[in-house]
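Me: I have a new model on my screen and would like to talk it through with you. Could we take it one question at a time?

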Amino acid sequence: MIGVILVSSLLMCIEGEFSDVPEKYSQYVRHLEFVMEPVDFFLLLIFLMEIALKWADDFPGFWNEPWNLFDLVVTCASLFTPIFDVTFPDSHEDESLEYLVSTIKYIRIARILRTLNVVTRLKKIMIIWGAITRTFGPLAFITVLMLLFFYIFAIIGITMCDRFTKTHITNLYYVHRFENLGFACLTLFQIFTIDHWFPILTELMQVMDARVACVYILTWLLLGTFIFKNIFAGVMVNNFQNIREELVNETYEISNKSKLFRDFDVQIDALQQEILKTPDSKKDWETRVFHLLDLIKASQGELSPSLWPRDTLFHYYVILEALGNNISERDELLNILNEALLHHYN
């Protein structure tokens with residue numbers, strides 16, 4: 001499926017590269033489209049088959065997985081193009097359907113989103129995706145705090161740079177960057193990305209007090225570029241570290257459980273060998289059984305619930321029923337023996 005997804009993405013890349021070619025190459029492009037359309041339709045059938053297999057395997061569980069819903073939406077969006085081509089075969093020549101053709105074209109682009117499904121099929125990429133999604137919660141509060149600082153510095157910039165905005169110097173390129181709140185926030189974001197911050201500072205120093213301009217720009221650089229960016233990086237690194245520790249703990253627990261199960265297998269094998277070798281093994285059997293029960297009781301927190309196979313469980317119930325019948329027959333025989341002994345002595 002990873003290969004199918006990559007081939008589908010490659011086809012879209014080829015379509016985009018040959019969407020606008022000179023007229024002399026149009027014939028080759030038509031031949032290429034004649035080959036690519038059936039391949040694209042075949043890939044779409046594979047994606048539909050995958051969804052059908054997931055439904056057949058676990059239909060209720062399919063709807064509990066967000067990636068499955070995402071794949072279903074993208075696949076359904078990809079169906080619009082072949083359905084539209086079959087319904088309106090001459091749509092490219094009909095001017096009344098021009099708007100509908102453009103809409104279908106944009107819906108067709110949604111196929112490229114299927115490339116994101118590679119995330120669910122590669123474990124290491126899934127770890128990175130998990131770290132990114134975990135940062136959404138902590139980063140939301142950090143983003144709110146950063147937006148507050150954006151607003152504060154934008155208002156300060158509009159007020160402080162009023163002289164710079166109304167200057168009559170004609171060779172200033174950034175003279176309109178602090179006219180209103182929108183332009184001020186855009187300028188602060190540009191400085192936040194360390195883009196053209198020095199030319200902006202140079203133009204401010206030509207009109208305003210150089211010390212005030214330096215303090216304003218450098219303070220925002222220190223606060224936004226260094227502090228907030230490091231906070232974002234720290235949250236990401238912390239989440240990666242947490243995921244790594246969880247994976248290490250999970251691997252350690254699996255290793256311990258495997259070792260515990262191997263110990264039980266060794267105990268059971270040794271018990272079976274001793275039963276076969278010892279003529280009177282009843283006493284040894286009870287000792288070993290109670291020893292195993294003590295081991296199970298001591299490791300209750302480490303063992304997962306045992307699931308018996310259906311045939312073994314049924315056989316166990318049959319043996320219990322036979323044991324109950326034997327006990328009933330034994331009680332009847334003891335009663336008959338008691339009556340016979342009483343009748344004999346009388």
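Me: At roughly what angle do the axes of helix α6 and helix α7 cross?

Reply: Happy to help! This is a predicted model, where local features need pLDDT of at least 70, side-chain atom pairs count only at pLDDT 80 or more, and totals for chains, interfaces and linings use all residues. Residues are numbered from 1 along each chain as its sequence is written, and side-chain values use heavy atoms, with hydrogens and water left out. Helix α6 covers residues 123-134 and helix α7 residues 136-160; their axes come within 5 Å and cross at roughly 40 degrees.

Me: Are α6 and α7 parallel or oblique to each other?

Reply: Axes are lines fitted to C-alpha atoms, for helices over the stretch in contact, and angles run from 0 to 180 degrees between N-to-C directions. Angles under 35 degrees count as roughly parallel, over 145 as roughly antiparallel, 65 to 115 as roughly perpendicular and the rest as oblique. The α6 and α7 pair is therefore oblique.

Me: Which residues of α6 and α7 make the contact?

Reply: Contact means heavy atoms within 4.5 Å. On the α7 side there are Phe 136, Gly 137 and Pro 138, and on the α6 side Ile 132, Thr 133 and Arg 134.

Me: How many helices does the protein chain have?

Reply: Helices (H or I, at least four residues) and strands (E, at least two) are DSSP runs, numbered from the N terminus. The chain has zero strands, and its helices come to 13.

Me: Is Asp 40 buried or exposed?

Reply: Asp 40 lies in helix α2, residues 26-62. Leaving aside neighbours within four places in sequence, Asp 40 is in contact with Leu 11, Arg 108 and Arg 111. Buried means under 20% relative accessible area, exposed over 50%, and partly exposed in between (1.4 Å probe, protein chains only). Because its relative accessibility is 13%, Asp 40 counts as buried.

Me: What does Leu 116 count as at 38% relative accessibility?

Reply: Leu 116 is found in the loop between α4 (98-109) and α5 (118-121). With 38% relative accessibility, Leu 116 counts as partly exposed.

Me: Which residue that is not a glycine has a positive phi and a relative accessible area of 45%?

Reply: Two residues in the loop between α9 and α10 deserve a look here. His 196 has a positive phi of about 55 degrees although it is not a glycine, but its relative accessibility is 42%. Ile 194 also has a positive phi of about 55 degrees. The residue with a relative accessible area of 45%, which makes it partly exposed, is Ile 194.
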